[in-house]
Amino acid sequence: QACESSLARPRSAMAMSAAMSLQDFVQDLCERFHDDAEDLRGALEVFRQQRISTLERLCRLGDSQWQRLGLPLGVEALLRDEAA
């Protein structure tokens, strides 16, 4: 998906690159997952505080780093699935 090379799999409707802004990534998720939009915006603020500004940086986070962010599990799972 978003963290993989566009050569590795066909581009999705999202057509995201690993260097896209996290704000654009989260905004897209908010539009697709309305029930989680408020929590996703909260996660974006956490990312800003932690200086995680690109999808590429998000993709590099390990399990222990994700845990330190303190996001709700459902939101973390959604973000990780969509960024993978």
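Is Glu-76 buried or exposed? At 13% relative accessibility, Glu-76 counts as buried, because the cut-off for buried is under 20%. The views below start from the whole chain and come back to this residue along the way; please keep in mind that the model is predicted.

**View 1. The whole chain is built from five helices and zero strands.** Read from the N terminus on, the elements run α-α-α-α-α. Of the 84 residues in the chain, 33% are buried. Take the contacts between residues at least 6 apart in sequence: 61% of these join residues at least 24 apart. The chain exposes about 5,400 Å², and carbon and sulfur atoms supply 45% of that area.

**View 2. Helix α1 turns a set of buried residues towards other helices.** Helix α1 covers residues 22-32. Its buried residues are Leu-22, Phe-25, Val-26, Asp-28, Leu-29 and Cys-30. They pack against α2, α3 (55-60) and α5. Note that an aspartate, Asp-28, is listed here together with residues such as Leu-22 and Phe-25.

**View 3. Helices α1 and α5 cross at roughly 115°.** Their axes come within 12 Å. Since angles of 65 to 115 degrees count as such, α1 and α5 are roughly perpendicular to each other. The crossing of α1 and α5 is right-handed. On the α1 side, the contact is made by Phe-25, Val-26, Leu-29 and Arg-32. On the α5 side, Leu-79, Glu-82 and Ala-83 take part. By class, this contact of α1 with α5 has five nonpolar, no polar and two charged residues. Phe-25, Val-26 and Leu-29 will be familiar from the previous view, where they appear among the buried residues of α1.

**View 4. Helices α2 and α5 meet at a crossing of roughly 75°.** Helix α2 spans residues 37-49 and helix α5 spans residues 73-83, and their axes come within 10 Å. This angle makes α2 roughly perpendicular to α5. Asp-39, Leu-40, Ala-43 and Phe-47 in α2 meet Val-75, Leu-78 and Leu-79 in α5. Sorted by class, the residues of the contact of α2 with α5 are six nonpolar, no polar and one charged. Leu-79 is worth a second look: this leucine of α5 meets α2, and Leu-79 is also listed in the contact with α1.

**View 5. Glu-76 is a buried residue of helix α5.** Glu-76 lies in α5. Which residues does Glu-76 contact, leaving aside its neighbours within four places in sequence? Those partners are Trp-66 and Leu-71.

**View 6. Asp-36 sits in the loop between α1 and α2.** With a relative accessible area of 28%, Asp-36 is partly exposed. The C-alpha atoms of Asp-36 and Leu-78 are separated by 9.2 Å, although the two residues are 42 residues apart along the chain. Leu-78 itself is one of the α5 residues that meet α2.

**View 7. Arg-51 has a positive phi without being a glycine.** The phi of Arg-51 is about 60°. Where along the chain is Arg-51 found? Its place is in the loop between α2 and α3. At 61% relative accessibility, Arg-51 counts as exposed, whereas Asp-36, in the loop between α1 and α2, is partly exposed.

How values were computed:
Residues are numbered from 1 along each chain as its sequence is written. This is a predicted model: local features need pLDDT of at least 70, side-chain atom pairs count only at pLDDT 80 or more; totals for chains, interfaces and linings use all residues. Side-chain values use heavy atoms; hydrogens and water are left out. Axes are lines fitted to C-alpha atoms, for helices over the stretch in contact, and angles run from 0 to 180 degrees between N-to-C directions. Helices (H or I, at least four residues) and strands (E, at least two) are DSSP runs, numbered from the N terminus. Angles under 35 degrees count as roughly parallel, over 145 as roughly antiparallel, 65 to 115 as roughly perpendicular and the rest as oblique. Contact means heavy atoms within 4.5 Å. Ala, Val, Leu, Ile, Met, Phe, Trp, Tyr, Cys and Pro count as nonpolar, Asp, Glu, Lys and Arg as charged, and the others, Gly among them, as polar. Buried means under 20% relative accessible area, exposed over 50%, partly exposed in between (1.4 Å probe, protein chains only). Accessible areas come from the Shrake-Rupley method with a 1.4 Å probe; for residues, only the protein chains shown count as cover. A crossing is left-handed if the near helix is turned anticlockwise from the far one by less than a right angle, and right-handed if clockwise.
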